[in-house]
Amino acid sequence: MKNELSDFDISQYLDNNEIITEYLSQVLEDGDMDEFFVAIGNIAKAKGISKISNDTGLGRESLYKTFRKGSKPRFDTVLRVLKALDINLKASSIN
């Protein structure tokens with residue numbers, strides 16, 4: 001009998017704001033920009049990529065491409081999507 005593993009899709013578990021906030025905070029703490037962009041894409045998928053597309057005026061396919069690993073989205077695009085996701089980035093001092 002052959003067992004098959006399915007791909008893990010974290011977007012299935014991003015079902016409330018507390019979990020989303022913690023997830024994004026951990027990704028930001030790690031400091032990997034590729035993972036940060038992928039995380040935004042995962043959150044957009046969890047919230048509904050069609051809704052985010054409508055809220056930002058960006059196409060669905062464009063959003064998928066923008067937030068995949070290795071992408072280099074423009075900062076204004078990132079901010080538009082974060083706003084549509086009801087996420088506010090905030091600076092704080094390290095000390």
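Of the 95 residues of the chain, 35% count as buried, that is, under 20% relative accessible area with a 1.4 Å probe and protein chains only. The model is predicted, local features need pLDDT of at least 70, side-chain atom pairs count only at pLDDT 80 or more, and totals for chains, interfaces and linings use all residues. Residues are numbered from 1 along each chain as its sequence is written, and side-chain values use heavy atoms, with hydrogens and water left out.

Display the chain as a cartoon: 5 helices and 0 strands appear, where helices are DSSP runs of H or I with at least four residues and strands are runs of E with at least two.

Select residues 17-30 (α1) and 33-47 (α2) next; these helices pack at about 165 degrees with axes 9 Å apart, the axes being lines fitted to C-alpha atoms over the stretch in contact and the angle, from 0 to 180 degrees, lying between N-to-C directions. α1 and α2 are therefore roughly antiparallel, a term for angles over 145 degrees.

Now show the side chains between them. Asn-17, Ile-20, Tyr-23, Leu-24, Val-27 and Leu-28 of α1 meet Glu-35, Phe-36, Ala-39, Asn-42, Ile-43 and Lys-47 of α2, contact meaning heavy atoms within 4.5 Å.

Centre next on Ile-43, which touches Leu-14, Ile-20, Tyr-23, Leu-24, Leu-85 and Ile-87, leaving aside residues up to four places away in sequence.

Finally, select Ile-40, Ile-43, Val-81 and Leu-85, which touch the most other members of the 22-residue largest nonpolar core, a set of buried Ala, Val, Leu, Ile, Met, Phe, Trp, Tyr and Cys residues joined through side-chain atoms within 4.5 Å. The largest share of this core, 6 residues, comes from α2.

Definitions and conventions: Angles under 35 degrees count as roughly parallel, over 145 as roughly antiparallel, 65 to 115 as roughly perpendicular and the rest as oblique. Buried means under 20% relative accessible area, exposed over 50%, partly exposed in between (1.4 Å probe, protein chains only).
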